[in-house]
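User: I am new to this structure and would like to learn how its features are read. Please guide me through them in order.

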Amino acid sequence: GWQVSMKSGSLSYILPCNRLPVQLMSQVRVYTSNGQKKDLGSEDTNGSAHGETLHKAETGRQDTASTGQKQSSPKQPIQVKVKAVLKKREYGPKYTQNNFITGVRAINEFCLKSSDLDQLRKIKRRSPHDDTETFTVYLRSDVEAKSLEVWGSPEALARERKRRKEAEIKYRENLFRNQRLLWEYKEFFGNTKPRSSTAAMFFKGPGKVVMVAICINGLNFFFKLLAWVYTGSASMFSEAIHSLADTCNQALLALGISQSARTPDPSHPYGFTNMRYIASLISGVGIFMMGAGLSWYHGIIGLLHPHPVESLLWAYCILAGSLVSEGATLLVAINEIRRSARAKGLSFYQYVVQSRDPSTNVVLLEDAAAVLSVAVAATCMGLTSLTGNPYYDSVGSLGVGTLLGTVSAFLIYTNTEALLGRSIEPEQLQRLTELLESDPVVRAIHDVKATDMGMSKVRFKAEVDFDGRVVTRSYLEKQDIEQLLQEIQQVKTLEELEAFMLKHGENIIDTLGAEVDRLEKDLKQRNPDVRHVDLEIL
């Protein structure tokens, strides 16, 4: 019952049984990154073409009259599909061949001249700056090759870098020396340079308030010190110390205002606006140490060692003048805060508690404490003059010290909170998130952080889940669809497919970057407080 058939490149067995026949097709195609394919089959002794069927099994039907067997079922072949994939490219731990660098970096880091860059390929890329749309970059590999061509070897390039670094350090030392000579020249011959913007800050806004407070508190300190020397009153001594502390602290505030106007530099990319908060924090500590500490000390000494108080007539006159001057400064600070709070859409209390303007807040609280301390000192001195008991005067000194301690604690707390980087108001944060989520290119936003950097400057950060379909459609709307269709129809090999995908994939990524820039620009335009926006692609 065996029937054997031999063919070229195939072997067929015909078995007289009821088993189902099986047809095996073992043709396998392997694709490489260059678009070639190979067909692997069984061994062919005479080199016949690939793809021919290797095994065939057929079943015949015997004579029903003699054998009585049933006809076998039809053939059911088993096919195996192999997925064609590109060969994975290994880039290694460090790959900089496709990096772009600017002309400034090429000149500084690779010691080239501008004429050397003219011979290199120039590539226009989307600019990261708001004032320009595109800028020119160079391939890092081209710049490295050009630097080796100019300097001959990596060792010669390293020596030139070291020489330029030493020259830069020497230049900075000479610059510092020249600046000092120029300052001495101005001191000797007079400075005829027009008033700078930093000096102009002290003639309006918080700077004006601070300068008025410095002048008035300086005069108050002088006259209160004379009154204390004449009367020996402990309350008057506390008032003199209070005015001295206010004068010193407000001079520190003026320094903070001038430093906050400095332009950002590479060491401080977000600027120096926090200098106002730092100066206000130090001012609060100074009020506590000088004002409250000395007042408590003098009051306790007065209670332990009381002594009679001389005529208080001059002290009353000086306190009255101090009350008028401190009240005038207080009104200036109140008007400035009201104007600023109205511009921000906040109430007077919210503006003060949130420490929106630390310099004006310090002047406001110090002058308010000064007015109240004048009232406390006058009351205690009056009781002392009526009863002849010097203990009232010492209690007044303790009361002034307690008032100054309370003010200093509030200043330390509010400025510390501002320096730690607190979040903005929930309503404002909700407006920013709704603005992003209402854009069609955004699916969702996560991990939103909005930090108040001080002086009404907000830094906004969020992780954004972009809709790739909308981004791709935005790219396709700027393309010629018929030409794009022709490019697709011309793709025949894997190499052409890879080149097509790489070309348009990079363009789509550039479109995504343009969408990020657009969202950041919209956030800044609709919310002027937002100065820095960091949108991370999720």
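**Reading the strands and helices**

Analyst: Strand S9 (residues 457-466) and S10 run parallel and are joined by seven bridges. Helices (H or I, at least four residues) and strands (E, at least two) are DSSP runs, numbered from the N terminus. The model is predicted, so local features need pLDDT of at least 70 and side-chain atom pairs pLDDT 80 or more, whereas totals for chains, interfaces and linings use all residues. Residues are numbered from 1 along each chain as its sequence is written, and side-chain values use heavy atoms, with hydrogens and water left out.

User: Which residues stand opposite each other in S9 and S10?

Analyst: Strands of a sheet pair through backbone hydrogen bonds, either parallel or antiparallel. Two strands count as paired if DSSP finds at least two bridges between them. Here, Ala462 has Leu535 in S10 as its bridge partner, and Lys461 stands opposite Asp534 in S10.

User: In what order do the strands of this sheet lie?

Analyst: The sheet is open, its three strands follow the order S8-S9-S10, and the pairing is mixed. Strand S8 (442-454) and strand S10 (530-537) are the edge strands, each pairing on one side only. From one strand to the next, the twist averages 15 degrees; axes are lines fitted to C-alpha atoms, for helices over the stretch in contact, and angles run from 0 to 180 degrees between N-to-C directions.

User: How many bridges join S8 to S9?

Analyst: Nine bridges join S8 to S9, and these strands run antiparallel. Ala450 stands opposite Phe460 in S9. S8 and S9 form a hairpin with two residues between them, and Met455 in the turn has a positive phi of about 55 degrees.

User: How does one describe two packed helices, and what is the case for H13 and H16?

Analyst: Two packed helices are described by the angle between their axes and the distance between the axes. Helix H13 (residues 426-437) and helix H16 (residues 494-526) pack at an angle of about 140 degrees, and their axes are 11 Å apart. On the H13 side, Leu432, Leu435 and Leu436 meet Leu519, Asp522, Leu523 and Arg526 in H16, where contact means heavy atoms within 4.5 Å.

User: Which strands does H13 touch?

Analyst: In the sheet of S8, S9 and S10, H13 touches S8, S9 and S10, and its direction makes about 145 degrees with that of S8.

User: What is the strand order in the sheet that contains S5?

Analyst: That open sheet has three strands in the order S5-S7-S6, with antiparallel pairing. Its edge strands, each pairing on one side only, are strand S5 (100-102) and strand S6 (123-126). Neighbouring strands of this sheet are turned by 55 degrees against each other on average, direction ignored. Four bridges join S6 to strand S7 (residues 134-139), and Phe135 in S7 is the bridge partner of Arg125. Helix H1 (residues 103-110) lies across S5 and S7, at about 85 degrees to S5.

User: Which residues does the record annotate as "transmembrane region"?

Analyst: The unreviewed UniProt entry gives this annotation to residues 209-230, 277-301, 313-334, 368-388 and 394-413. Such annotations may be inferred rather than shown by experiment; positions are given in the numbering used here, and feature names are shortened. In the model, residues 277-301 are 100% helix and 0% strand, with end C-alpha atoms 35 Å apart. Residues 394-413 are 100% helix and 0% strand, with end C-alpha atoms 29 Å apart.

User: How many helices and strands does the chain have?

Analyst: The chain has 16 helices and ten strands.
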